[in-house]
Amino acid sequence: MQKANSSQPFMPATRKSGARLAWIGRGFLLALALLVLIVLIRSFFDNPQLFAQIAISGLQLGFVYALIALGYTMVYGIVKLINFAHGDVFMAGAFVSFFAVSHFQLHRWPAAVFPGLPPILVTIIGSLTVILLSMVVCALMAVTIERVAYKPLRNAPRIAALITAIGVSFFLEYFGALNFVFSPRFIPYQRPFGVVTWYIYDGIHLVTEGHAPPQGAITFSNIAIIIMVVSILMQLSLQFLVRRTRIGKAMRATAFDKQAAQLMGINVDRIISVTFAIGAAFAGLGGVLYAIAYPSINTLLGVLPGLKAFVAAVLGGIGSIPGAFIGALIMGQAESLTAGYISTPMRDAIAFTILIIVLLVRPTGIFGEPEKEKV
Amino acid sequence: MLLEVNDLNVFYGAIHALQGVSFSLEEGEIVTLIGANGAGKSTTLRTISGLLRSRSGHIRFRGQDISTVAAEQIVRLGISQVPEGRKIFAPLTVQENLEMGAYTRRNPAEIQASMQRVFASFPRLKERINQLGGTLSGGEQQMLAMGRALMSRPKLLLLDEPSMGLSPILTEEIFRIIKEINSQGTTILLVEQNALMALSVAQRAYVLETGSVVLQGSAAEVRDNPQVRNAYLGVG
């Protein structure tokens, strides 16, 4: 009683100085944003080819991050858990495809089974098989992790599950790094299909060996195109699943109110498993594409992409699927532009700078709504 | 006997919320549980639906003990609940909310027929079919919650405080619909703070006080009981 009374007169003063601080902060951020914009515009006019080249690599990164970020945001939406092991499921996707390709030649199976098949079909079907296998293994892995590590903590304080998620993440990273598992070394990744690169310079030309593209040409590869197309297709099919199908609607209902969902006859545990499985399958797909794009893998491969995708999900508004997608594209560009125009080591720092700014300015993210108190 | 609750004991941690509650429902009845705040009315419904577990006692539905059956299975057996506070899925449209009510069913044509029946009872919902559940008024949300519960074609409908927060006119409307649902063959267990209203539609009533049934009888008997008149009906 006494305490409440004595602190009351100070309240308005604190609020006022807090508001002033907020204004200073906002002014600072505005100045920063303006500076970034000016630098970007100048860079664009200085050398548009370089800018486009950087933007393409940013898109390639961003679309991979989008595949990971969807898992973060979906799982958060339904169990309010930041699943920090998600980046390591992404890593597992890369490793599954590595073993499938390098050790079992799974990408060649159509040629072995149907010898007469044209090589292009062999490559497409073989690569799809490898990708599907990675997605399935990752989905099973995530469902297992959820059952073993998170489900027993469903009614525990949220921080307990969060710490467990970090523990699972470390387990996967360093168990994988044991010598008799994957070893801690970087392993050269064998792609299931070859890289084809084109350059734009007076039209589109194929880059052939021994002929470097001319100065000022913009190059892009089949991998960049595949990543973008696949990521967009997956995003669209996820939208369809969540908006139109029975299970998708049940996912949204469960995310909103688990007990009410149970009263509808929805098996909440199963919906949560499905959510983890879908998120992990997307991450697994992302892992394969990432390894194809940057073909050297080790068990810590998922750490930074995982964290960046997490920032992307926060930036877009955690819980929002379109938000995760947009956030990931922004993260990809931010990273690529930073690497191109500031310095390469800064590319990782920018992700966390963005996280701090989002948390300061708009903690709910771009598409997030302020959390309503549920009665 | 459609539902038989026998010596039910439920705890919230150390709090003994239901202390040996027993009651029963015959097919086709409207039975009401009345009592003050915290008497254990909602706890009873939540335990029947499987959201809470009893420590001892039995809940028999059509002869089968359902006290250990999972909540999502109980809906399949034919018990549907309109929970306290409606618990509408705010980010889903009216239609999607109703579809969720029919989650246990698979035949699209039959689900469509049920939806049309719900629209016949609640024409307002049809006008709002593509609106988000969270944008409906309190009365409309109550209608949606009831319609959603009916979509599973329950044999027993549990209603938890359907009149809560509604105007007297809307309350009348809701109770008219409750009687209508009942006349179409659905047995109803009604929990209400508005005891007078509840006793006017119910055939029988149980009075709960701090987790125990203290009085039971036909609605008329309970209504005429002096203690009930004093405590719940606001008349001396």
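How many of the 21 residues of α13(A) are buried? Keep this question in mind while opening the structure, which is a predicted model.

**Stop 1: helix α13 of chain A**

Select residues 321-341 of chain A, which make up helix α13. Of its 21 residues, 15 are buried, so α13(A) is largely enclosed by the rest of the structure. Next, place a distance between the C-alpha atoms at the two ends of the helix. At 1.5 Å a residue, the 21 residues should span 30 Å, and the end C-alpha atoms are indeed 30 Å apart, which agrees.

**Stop 2: helix α9 and a loop of chain A**

Move to residues 246-256 of chain A, helix α9, and show the side chains of its buried residues: K249(A), A250(A), M251(A), A253(A), T254(A), A255(A) and F256(A). Then display what these residues pack against. Within chain A, the partners are α3 (48-79), α8 (222-244), α10 (258-263) and α11 (268-293), and α3 of chain B joins them.

Now select K80(A), in the loop between α3 and α4 (86-103) of chain A. Its phi is near 55 degrees, a positive value in a residue other than glycine. Most residues other than glycine have a negative phi. Is K80(A) buried or exposed, or does it count as partly exposed? K80(A) counts as partly exposed because it has 14 C-beta neighbours inside 10 Å; a residue needs 20 or more to be buried, and 12 or fewer to be exposed.

**Stop 3: where the chains meet**

Colour the two chains separately and look at their contacts: 21 residues of chain B are in contact with 15 residues of chain A. On the side of chain B that touches chain A, α2 and α3 (94-101) of chain B each supply at least two residues. The residues on this side of chain B divide into 10 nonpolar, 6 polar and 5 charged.

**Stop 4: the two domains of chain B**

Colour chain B by its domain assignment, with domain 1 covering 3-78 + 154-231 and domain 2 covering 91-153. The C-alpha centres of these domains of chain B lie 23 Å apart. Between them, 12 residues of domain 1 of chain B are in contact with 10 residues of domain 2 of chain B. Which elements give two or more residues to the domain 1 side of this contact? They are α2 (71-77) and α7 (168-183) of chain B. The largest share, 5 residues, comes from α7(B). By residue class, this side of domain 1 of chain B divides into 9 nonpolar, 1 polar and 2 charged.

**Stop 5: the six-stranded sheet**

Still in chain B, show the open sheet of 6 strands, in the order β6-β7-β8-β3-β9-β10, with mixed pairing. Its edge strands are β6 (79-82) and β10 (212-218) of chain B, each of which pairs on one side only. On average, neighbouring strands are turned by 15 degrees against each other, direction ignored.

Zoom in on β3 (residues 30-35) and β9 (residues 204-209) of chain B, which pair in the parallel sense over 5 bridges. One pair to label is I34(B) with its bridge partner in β9(B), V207(B).

Two helices pack on this sheet. Helix α6 (residues 138-150) of chain B touches β6 and β7 (156-160) of chain B, and its direction makes about 170 degrees with that of β6(B). Helix α7(B) touches β3, β7 and β8 (187-192) of chain B, and its direction makes about 155 degrees with that of β8(B).

**Stop 6: helix α6 of chain B**

Select α6(B) alone. The helix is mostly covered, with 11 of its 13 residues buried. Among the buried residues are E140(B), M143(B), L144(B), G147(B) and R148(B). Their cover includes β6, α3, α4 (108-121), α5 (123-127), β7 and α7 of chain B.

From β6, follow the loop towards α3 of chain B to find R86(B). Phi of R86(B) is near 70 degrees, another positive value in a residue other than glycine. Because R86(B) has 23 C-beta neighbours inside 10 Å, it counts as buried.

**Stop 7: a hairpin in chain B**

Finally, select β1 (residues 3-12) and β4 (residues 56-61) of chain B, which run antiparallel and are joined by 5 bridges. In β4(B), F61(B) is the bridge partner of L3(B). F61(B) also has a bridge partner in β5(B), namely Q64(B). β4(B) and β5 (residues 64-65) of chain B run antiparallel, with 2 bridges between them. Their hairpin has 2 residues between the strands, and R62(B) takes a positive phi near 50 degrees there.

Terms used: Residues are numbered from 1 along each chain as its sequence is written. Chains are lettered from A and ligands numbered from 1 in the order in which they are written. This is a predicted model: local features need pLDDT of at least 70, side-chain atom pairs count only at pLDDT 80 or more; totals for chains, interfaces and linings use all residues. Domain bounds come from an automatic or database domain assignment. Two residues are in contact if their C-beta atoms, placed from the backbone, lie within 7 Å. Helices (H or I, at least four residues) and strands (E, at least two) are DSSP runs, numbered from the N terminus. Ala, Val, Leu, Ile, Met, Phe, Trp, Tyr, Cys and Pro count as nonpolar, Asp, Glu, Lys and Arg as charged, and the others, Gly among them, as polar. Two strands pair if DSSP finds at least two bridges between them. Axes are lines fitted to C-alpha atoms, for helices over the stretch in contact, and angles run from 0 to 180 degrees between N-to-C directions. The expected span of a helix is 1.5 Å times one less than its number of residues.
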